[in-house]
Amino acid sequence: MNMRLISSIPRRIKLQLCPLGVTCRLAARRRDKAGSLSYGGVSGIAMLAASFGLAAVAPAASERVFPADKGPQVWVPPGEFVMGADDPDAPDRPDERPPHKVTVDGFWMDKFEVTCAQYVAFFNAKWKDKPLKDRLGTCDLPKVTWPESGVVQDRSTGELKVIPGREKWPVLVGWHAAFYYCEAMGKRLPTEAEWEWAVRGSDGRKYPWGNAWDPKKANVGTDKIVAVGSFTGDVSPFGLFDMAGNVREWCADRYEPTYYQQSPIKNPFNYGGTWEPWDRAIRGGGYGFTEWDSRASSRGSAPYLASAPCTGFRCVAGGPPPTAQ
Ligand SMILES: [Ca+2]
């Protein structure tokens, strides 16, 4: 697990295990058996989560607005690239080796990290009318006790509320919370391969903007979250924002440091189920991390029932490419 955290914030090193018992244990019995990449169905809950002002954004030719959460998505075309790295300036990152050629099918990816406003709408709809003890103890809860969180929970009702002014901050959640948000919206988490391809593009760049590190381009090495899309230099070749910084991002894969030694060439995906107790992959850098974590090839991880330091997510979805719409 890569944890090159800035030393001034050691508290963030402590992973927060899911604080519940009943909800997670009961849900753990609902194991899915399929290892394929499925997009799920758009639920009634998802359709309710649409009140955060993104619908008015006019999409470009390679963009669309996803109906369930009204979030903009960018088309990432199919392609071939070299996944992983052998960077001489990152000798302590054996999990990125060996670099190997892979191909990835095309997909739609959220242009921004999932925001607090999006997540709160989802949570309150999902847990409406459920017992208070379940609302207070579910794995779906974002990490509300960190001062950099944009969300608080009303302990008397269980409802989540966005701290005013933080509506467009990325939400900080654990892997399961991210997984179920994506599922409810009819989307899914990206695989590590999809995520890395979306940053590197066909020229195999090291950072979203190119090969030279520039601390002004991304929210990295700072002590605070900013609204998604605030750093206009942190944009990938496909038009995705904040892939180098702001918050790190969960991927769908089970994290294995040696996976690249035997991973398949086409659409590699280290399936780890939904409730199997594997560490899950995290990609990209974040406000409390370093430039090494912001490299497109950098890999991180955290336990499957944990909220990890400055970690959020974005979703991907299927659908026809823009030229076929
Ligand atoms: Ca990010």
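Helices and strands here are DSSP runs, numbered from the N terminus. On that count, the protein chain has seven helices and 14 strands. Keep in mind that this is a predicted model.

**How far to trust it**

Let's start with confidence. The average pLDDT for the protein chain is 84, and 81% of the residues reach at least 70. The start of the chain is another matter: residues 1–36 stay under 50, although the model gives them 56 contacts beyond four places in sequence. Residues 38–58 are also below 50, and that stretch has 50 contacts in the model beyond near neighbours in sequence.

**The overall build**

Of the 325 residues in the protein chain, 49% are buried. If you take contacts between residues at least 6 apart in sequence, 74% of them join residues at least 24 apart.

In soluble globular proteins, nonpolar side chains tend to be buried together. The largest nonpolar core in this model has 78 residues, and the members touching the most others are Tyr119, Val120, Ala178, Tyr181, Leu189 and Ala198. Helix 5 (residues 175–185) is the top contributor to this core, giving nine residues.

Leucine 189 is worth a click in your viewer. Leaving aside residues up to four places away in sequence, Leu189 touches Ala178, Phe179 and Cys182, then Trp250, Cys251 and Ala252, and also Phe313 and Cys315.

**Two covered helices**

Here are helix 3 and helix 6, with their buried residues.

| Helix | Buried count | Buried residues |
|---|---|---|
| Helix 3 (residues 116–126) | eight of eleven residues | Cys116, Ala117, Gln118, Tyr119, Val120, Ala121, Phe122, Phe123 |
| Helix 6 (192–200) | nine of nine residues | Glu192, Ala193, Glu194, Trp195, Glu196, Trp197, Ala198, Val199, Arg200 |

Both tie back to the core: Tyr119 and Val120 of helix 3 and Ala198 of helix 6 are among the residues that touch the most other core members. Just after helix 6 comes glycine 201, with a positive phi near 65°.

**A loop residue with a distant partner**

Further along, alanine 227 sits in the loop between helix 6 and strand 9 (248–254). Is Ala227 buried or exposed? Alanine 227 counts as buried because 20 other C-beta atoms lie within 10 Å, and 20 or more is what the cut-off asks for. Which residues does Ala227 touch, once those up to four places away in sequence are set aside? They are Lys168 and Trp169. Alanine 227 and lysine 168 are 59 residues apart in sequence, yet their C-alpha atoms are 4.8 Å apart in space.

**The strands**

Strands of a sheet pair through backbone hydrogen bonds, either parallel or antiparallel. One open sheet in this model has four strands in the order 2-3-6-14, with antiparallel pairing. Strand 2 (63–65) and strand 14 (316–317) are at its edges; each has a single partner strand, so one side of each has no neighbour in the sheet. Three bridges link strand 2 to strand 3 (residues 72–76), and within that pairing valine 65 has proline 72 as its bridge partner.

Elsewhere, strand 10 (residues 280–283) and strand 11 run antiparallel, joined by four bridges. In this pair, arginine 283 stands opposite arginine 299. Strand 11 (residues 299–302) is covered on both faces: Arg299 and Ser301 are buried on one side, Gly300 and Ala302 on the other.

Note on methods
Residues are numbered from 1 along each chain as its sequence is written. This is a predicted model: local features need pLDDT of at least 70, side-chain atom pairs count only at pLDDT 80 or more; totals for chains, interfaces and linings use all residues. A residue is buried if 20 or more other C-beta atoms lie within 10 Å of its own, exposed if 12 or fewer, and partly exposed in between; C-beta atoms are placed from the backbone. Helices (H or I, at least four residues) and strands (E, at least two) are DSSP runs, numbered from the N terminus. Two residues are in contact if their C-beta atoms, placed from the backbone, lie within 7 Å. Two strands pair if DSSP finds at least two bridges between them. A nonpolar core is a set of buried Ala, Val, Leu, Ile, Met, Phe, Trp, Tyr and Cys residues joined through C-beta atoms within 7 Å. pLDDT is the predictor's confidence in each residue, from 0 to 100.
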